[in-house]
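User: Please take a close look at the aromatic side chains of this model. How are the aromatic rings paired, and which charges sit over a ring?

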Amino acid sequence: MRRPIKRAVFFTSLCCVSWVLASDHHRGLPSLDTPESLLVRTLDAIRAERLDLALARSDTLVRRQPDFRLAQLVRGDILLAQTGRLDRFAGPRSTDPRAGGLRDEARARLKRFAQDPPQDLIPRNLLLPPSDATAVFLVDSRASRLYVFRLDGGVWRLSGDHYVSIGLNGTDKQSEGDQRTPLGVYTLVSRIDHVDPYYGKVAYPLNYPNEWDVREGRHGHGIWIHGTPMDTYSRPPRTSNGCVVLPNEDMDTLQPLFQTGKTQVVVSDSLDWVTRPAADSIRQSLAKAVDSWKTDWSSNDMDRYLSHYSDEFRNGNQDLQGWETDKRRVAKGKTWIKVGTSELSMLMVPGQKNLAVVDFQQDYESNNLSNHMHKRQYWKLEDGLWKIVFEGVPKLS
């Protein structure tokens, strides 16, 4: 007779999150269309102490995805549990540092299926994404998840989510070699095919350090979204040198949505999900501030125009005083100014309090100059008023 598995031994040590799967509040078990969903069904069978069913599901999984290391580990533990020789999840491998990473991966994947992403809420960052983008990607590093939002009937809606790995030392990258993933709003700037097999089939560099990173003194390079080594289905949550890493299968799925020079990636420690009216309120107040800035500049009233700039304003080596001096000098030669904006987008910046990045196409005309440019501003909410703390052109290289 097989010795029964003990909840306090294998199931509880697996990661405790599995208890949520047994509650009345979970989303229901996923269909068997992905390796991740089949893994969750395997773990649910373990929760129910149905080891024969768990083994059958894990056999199916490893046949389909033999390079899924977590799946191989779970299958091995099921076999050990049937003999009664298993004292904890990945127990016999406790001296192997890789076991801890696989436990973390199990936790992250189970949490995803414990509860649906909130369909009636939206990340606070997502105020007004670019209207010509096919998708916006938001990374929740604590959840090891990348959420995909697409435009549907004029509204940005969640269309899917994927497991990801981030930097070995977490987030908030500050310097070269710190093995952290940066927090912020980034753009895919290029596509690299025929990349080293370690990075999967294809890689998409991000524009780190962006203009805000440069302003804040952050440095480093080579932050990409890329796949896993060709012999590895997925990696534990914290294993990269700072890149965002997806399984190659998911990279294949998302490639049609990646637009170099357009697609924006919001990387956050943890997404703040809010109601759409709450996000609309922030969007409307910021849009009103941008419109007021444009109107006051067009009036050629420098006092009104400069009132929109924060005391914390910096643009490269130029602070607010230098900016004001230049603007007043230029204004002396103007008899009229007309400023138009189009293709407005607004996103809240992760890791910062009440900071938003605003992009638009600017059409400027005056009695002695006219130009058209892509402008980027960072606006900060100060004492209830939006103020500009940076203004320039996007850093997209």
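Analyst: The aromatic pairs come before the charges over rings in what follows.

This is a predicted model, in which local features need pLDDT of at least 70 and side-chain atom pairs count only at pLDDT 80 or more, while totals for chains, interfaces and linings use all residues. Residues are numbered from 1 along each chain as its sequence is written, and side-chain values use heavy atoms, with hydrogens and water left out.

Rings of Phe, Tyr and Trp (its six-membered ring) pair if their centres lie within 6.5 Å; planes under 30 degrees apart count as stacked, over 60 as edge-to-face and the rest as tilted. By this rule there are 18 aromatic pairs. One of them joins F149 and W273 in a tilted arrangement, with 6.3 Å centre to centre and 40° between the planes. This pair links distant parts of the chain, 124 residues apart: F149 belongs to strand 4 (residues 145-152) and W273 to strand 14 (residues 273-275), strands being DSSP runs of E of at least two residues, numbered from the N terminus. F149 counts as buried because its relative accessibility is 1%, where buried means under 20% relative accessible area (1.4 Å probe, protein chains only). W273 is also buried, at 18%.

Y305 and Y309 form an edge-to-face pair, 5.4 Å centre to centre with 65° between the planes. Y305 is buried at 0% relative accessible area, and Y309 is buried at 4%. Both tyrosines belong to one aromatic cluster with W293, W297, F313, W323, F360 and Y364.

A charge sits over a ring if NZ of Lys or CZ of Arg is within 6 Å of the ring centre and within 35 degrees of the ring normal. R109 lies over the face of Y163, 4.0 Å from the ring centre, and R112 lies over the face of F113 at 5.0 Å from the ring centre.

Methods:
Helices (H or I, at least four residues) and strands (E, at least two) are DSSP runs, numbered from the N terminus. Buried means under 20% relative accessible area, exposed over 50%, partly exposed in between (1.4 Å probe, protein chains only).
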